[in-house]
Every structure is written in C-alpha cells, then in structure tokens.
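Q: Got a minute to walk me through this one? I'd like to ask about bits of it as we go.

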Amino acid sequence: MAWNAYLAVNHLRQMQRITALTLDDSKIQANISSVLRDLTDMETGQRGYLLTEDPSYLQPYTDAKLRIETDFAGLRAGLAKRAESERSLESQLESLANSKEAEMEHSILLRQQGYRHRAFMLVASNEGLEVMNRARGLLSSLSAAESSDFARIDRERNASLSKASTETMIVNACLLVFTACVFGLIRHYGQALEQESAQSRQELAKRDLQLGKLTFALCNQARFKTSAIEANARLLLDNYGGFLPRQGHEYAEQIQEASAQMEQLRQDLVGSPAFTSEEKAA
C-alpha cells in the first residue's frame, strides 16, 4: 500500500511537471501569434494611412505598436529556459521587428509631411516586404520548434500515463496476492487454534470426569468412615455407657458429635445426601 501511494504521488508530480511544460508551450505559441498579429496590424494601418491619409487608419498601427513590446517581453520570458537556437531566433525576430517599425514610421512621417510619392517609393522598394517575410519565417521557425517540443511533451505524458497504469496494475496485483495470502494464513491459523481448542476441551472434559470419579470415590470413602465412627461411638454409648467413667463417656459423645459435624461438612462441600438408617446400620 505504501509503494502504491508512492507511485501515485510520483505520477502526480510527473503530471504536474508535464502540465507546467505544456502551459509554457501554450503561452509561447500565444506570444508568437500575438507578435505576428501586431506586425500585421501595424502594416495594415500603415498601408491604409498611406493610401487615404485618413488618421483613423493609423489606429490599428498605434494599438499594435503599444502591444508589441509587451508581447516581445512575454516571448523572451517564455524562451528563457529554451535552447540557445530558439533564443537566437527571438533576438533576430525582435531586430527585424524594430527595422520594420522604423521603416513604417518613416513612411508614415513622409506621408504626414506631404511627401506622398516618396512614401510610396519607400514602400515600393520592397525593403519592408523583405523584412516582413523574414520576420514571418522566424516566427514560423519558432512556432515549429514549439510544436516539436509540444509533441515531445505529449509523448512523454503518454509514456508516463502508460508506465503509471502498468505500475499501478502490478502493485495492485501484488497487493491482492498479499491480501489473499494474509487471509489464507489467518484462516489456517484460526483452524489450528480451533483444533487446539477442541483438543483442550476434550482433555479438560476427560480430566474433569477423572476428577469427578476420584472425588466421588473419596467422598464415599469419607462418608462410610464418618458414618462408621458415628455408629461405633453411638454403640459404645448405648452398650457400654454405664461402664465408662464420666470422662470416657464425654469423649465418646465428642467423637459422635465430631463425626456428625464432619458428615455435615462433607454434604455441604459435595452436596451428597446423608446416609439412610439402613446404610448407617450396615
């Protein structure tokens, strides 16, 4: 039972670790998606403003510009314990994002100053497009790395579940066999005790019977002896009382009285009835 509890606790800790890793992967994937969305929103706002010169089109650009720093901070924190290759990809991505932001900021500034043609020429140079494509490539690489890591964690979780199930089944089977053995030993020991108790009762009954026979024999012998003493004392008084001195007469009476008291004591101890007159005469 203790081993089963240890396995359960160990499995729980393993699942907690895997769950934490899975949660970290999910957060990193969410940060990657957020950075891509921020870059896309900034580019959308830039192009909309360049085409229309309507400041309302800059709202997505402004919002994404405020979010992207926080999203990059979350991505850096998530990749802090990852491999050096992933941290290097994040660093390159952040550098590209800064370059793209500078390019967009420059084109918007040119459009605000009235240099529409120069702003469009900057966009037409495809400098921003190349940066954006490289940024998307880095984001895709990071996402693929996290997906691979997530798949590895998923395989580890499945292996852990399979191992825990197998160990639990083995331990429970051992516990079942152990319990069956314990119950078997208890039953065997109980039967042995019952047999020993039956033998003890038989021996005790046999000894009680022997003791009863002995007691009965001794009781009858004492019964006849005391009756004989009493009868002889009575006969002595009846037949020769006149010839006995006064002190001898008193001794005979004391003997008769003592024998009567002994017979009464015997009856009180064993519950045997007194002799009949015919038995006394005999």
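Q: Let's start with a charged residue: is Glu43 buried or exposed?
A: Glu43 is buried, at 7% relative accessible area. Buried means under 20% relative accessible area, exposed means over 50%, and partly exposed is in between (1.4 Å probe, protein chains only). Before we go on: this is a predicted model, where local features need pLDDT of at least 70, side-chain atom pairs count only at pLDDT 80 or more, and totals for chains, interfaces and linings use all residues. Residues are numbered from 1 along each chain as its sequence is written, and side-chain values use heavy atoms, with hydrogens and water left out.

Q: OK, and what does Glu43 form a salt bridge with?
A: With Arg47, and the closest N and O atoms are 3.2 Å apart. A salt bridge here is a side-chain nitrogen of Lys or Arg within 4 Å of a carboxyl oxygen of Asp or Glu. Both residues sit in helix α1, 4 residues apart, about one turn of the helix. Arg47 is partly exposed, with 42% relative accessible area.

Q: How do you decide what a helix is?
A: From DSSP runs: helices are H or I with at least four residues, strands are E with at least two, and they are numbered from the N terminus.

Q: How many salt bridges does the count come to?
A: By that rule, 16. One of them joins the side chains of Arg67 and Asp38 at 3.0 Å, N to O. That pair links distant parts of the chain, with Arg67 in helix α2 and Asp38 in helix α1, 29 residues apart.

Q: And what's the accessibility of Asp38?
A: Asp38 is at 0% relative accessibility, so it counts as buried. Its partner Arg67 is partly exposed, at 28%.

Q: Which residue does Glu103 pair with?
A: Lys100, with the closest N and O atoms 3.4 Å apart. Both are in helix α3, 3 residues apart, about one turn of the helix. Glu103 is buried at 7% relative accessible area, and Lys100 counts as buried at 3%. Elsewhere, salt bridges that share partners join Arg17, Asp25, Arg82, Glu146, Asp149, Arg152 and Glu156 into one network.

Q: Switching topic: which residues touch the most other members of the largest nonpolar core?
A: Val35, Leu39, Phe72, Leu75, Leu93 and Leu142, out of 25 residues in that core. The elements giving two or more residues to this core are α1, α2 (59-78), α3 and α5. A nonpolar core is a set of buried Ala, Val, Leu, Ile, Met, Phe, Trp, Tyr and Cys residues joined through side-chain atoms within 4.5 Å.

Q: What does Phe72 touch?
A: Val35, Glu90, Leu93, Glu94 and Ala97, not counting residues up to four places away in sequence. Contact means heavy atoms within 4.5 Å.

Q: And where is Leu96?
A: Leu96 is in helix α3, and at 9% relative accessibility it counts as buried. Its C-alpha atom is separated by 6.2 Å from that of Val131, though the two are 35 residues apart along the chain. Leaving out residues up to four places away in sequence, Leu96 touches Val131, Arg134, Ala135 and Leu138.

Q: Is Ser107 buried or exposed?
A: Buried, with a relative accessible area of 0%. Ser107 is found in helix α3 (residues 84-112). Setting aside neighbours within four places in sequence, Ser107 is in contact with Gln46, Leu50, Ala119 and Leu122.

Q: Now backbone stuff. What's phi of Glu53?
A: Near 60°, a positive value in a residue other than glycine. Most residues other than glycine have a negative phi. Glu53 lies in the loop between α1 and α2, and counts as partly exposed at 38% relative accessibility. Asn126 also has a positive phi, near 65°, and lies in the loop between α4 (116-124) and α5.

Q: Last one: which residues line the largest pocket?
A: Leu7, Asn10, His11, Gln14, Glu156, Ser160, Lys163, Ala164, Glu167 and Thr168. The elements giving two or more residues to that lining are α1 (2-52) and α5 (127-240), and α5 gives the largest share, 6 residues. On a 1 Å grid over the protein atoms alone, a pocket is an open set of points where a 1.4 Å probe fits, with protein on both sides within 12 Å along at least five of seven lines; lining residues have an atom within 4 Å of a point.
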